[in-house]
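Please walk through the model shown below, starting from a single residue and its contacts and moving outward to the packing of the helices.

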Amino acid sequence: MLCIRPRKAYLSPALIWLEEEGLPTAEMEAKDLMKARGGEMDKEAVMRRAMEKWKRMSVEEKAVWRARAKEDA
């Protein structure tokens with residue numbers, strides 16, 4: 001008889017931050033920039049910009065998101 005145990009999923013704090021704060025903010029900034037300059041919004045560039053912002057965040061700021069990720073998991 002096979003015994004199947006449920007597995008815990010690991011939620012990356014970076015992905016949680018990206019979904020909740022990083023990407024929406026980057027999209028708004030890109031829309032504002034496109035209104036000023038004209039042209040199209042490049043989704044890959046917006047994602048890249050959001051992830052660069054995560055990389056520049058301080059250790060303390062990231063610790064807050066890691067704690068939130070553990071609470072929600």
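Once its neighbours within four places in sequence are left aside, Val46 is in contact with Leu23, Ala26, Glu27, Ala30 and Met41. The model in which these contacts appear is a predicted one, and the chain averages a pLDDT of 81, with 95% of the residues scoring at least 70. Among the elements of the chain, helix H2, which covers residues 43–56, has the highest mean pLDDT at 88, whereas H3 has the lowest at 80.

Val46 also belongs to the largest nonpolar core, a set of 12 residues that further includes Ala26 and Ala30, both of them contacts of Val46. The other members of this core are Ala14, Ile16, Trp17, Leu18, Ala50, Trp54, Met57, Trp65 and Ala69. Two or more residues of the core come from each of H1, H2 and H3, and H1 gives the most, with six residues. As a general background to such a grouping, nonpolar side chains in soluble globular proteins tend to be buried together.

Met41, another contact of Val46, is found in the loop between H1 and H2. With the neighbours within four places in sequence again set aside, Met41 is in contact with Glu27, Ala30, Lys31 and Met34, as well as with Val46. Met41 and Glu27 lie 14 residues apart in sequence, and their C-alpha atoms are 8.4 Å apart in space. Met41 counts as partly exposed because its relative accessible area is 29%, a value that falls between the limits of 20% for buried and 50% for exposed.

Met34, by contrast with the loop position of Met41, is found in helix H1. Its relative accessible area is 22%, so Met34 is likewise partly exposed. Beyond its neighbours within four places in sequence, Met34 is in contact with Gly39, Glu40 and Met41.

Gly38 has its place in the loop between H1 and H2, and because its relative accessibility is 40%, Gly38 counts as partly exposed. The C-alpha atoms of Gly38 and Ala26, which are 12 residues apart along the chain, are separated by 17 Å.

The remaining topic is how two of the helices are arranged. Two packed helices are described by the angle between their axes and the distance between the axes. For helix H1 (residues 13–37) and helix H3 (residues 59–72), the axes come within 9 Å and cross at roughly 95 degrees, which means that H1 is roughly perpendicular to H3. On the side of H1 the contact is made by Pro13, Ile16, Trp17, Glu20 and Glu21, and on the side of H3 by Trp65, Arg66, Arg68 and Ala69. These residues divide into five nonpolar, no polar and four charged. Ile16, Trp17, Trp65 and Ala69, which take part in this contact, are also listed in the largest nonpolar core.

Key: Residues are numbered from 1 along each chain as its sequence is written. Side-chain values use heavy atoms; hydrogens and water are left out. Axes are lines fitted to C-alpha atoms, for helices over the stretch in contact, and angles run from 0 to 180 degrees between N-to-C directions. Helices (H or I, at least four residues) and strands (E, at least two) are DSSP runs, numbered from the N terminus. Angles under 35 degrees count as roughly parallel, over 145 as roughly antiparallel, 65 to 115 as roughly perpendicular and the rest as oblique. Contact means heavy atoms within 4.5 Å. Ala, Val, Leu, Ile, Met, Phe, Trp, Tyr, Cys and Pro count as nonpolar, Asp, Glu, Lys and Arg as charged, and the others, Gly among them, as polar. pLDDT is the predictor's confidence in each residue, from 0 to 100. A nonpolar core is a set of buried Ala, Val, Leu, Ile, Met, Phe, Trp, Tyr and Cys residues joined through side-chain atoms within 4.5 Å. Buried means under 20% relative accessible area, exposed over 50%, partly exposed in between (1.4 Å probe, protein chains only).
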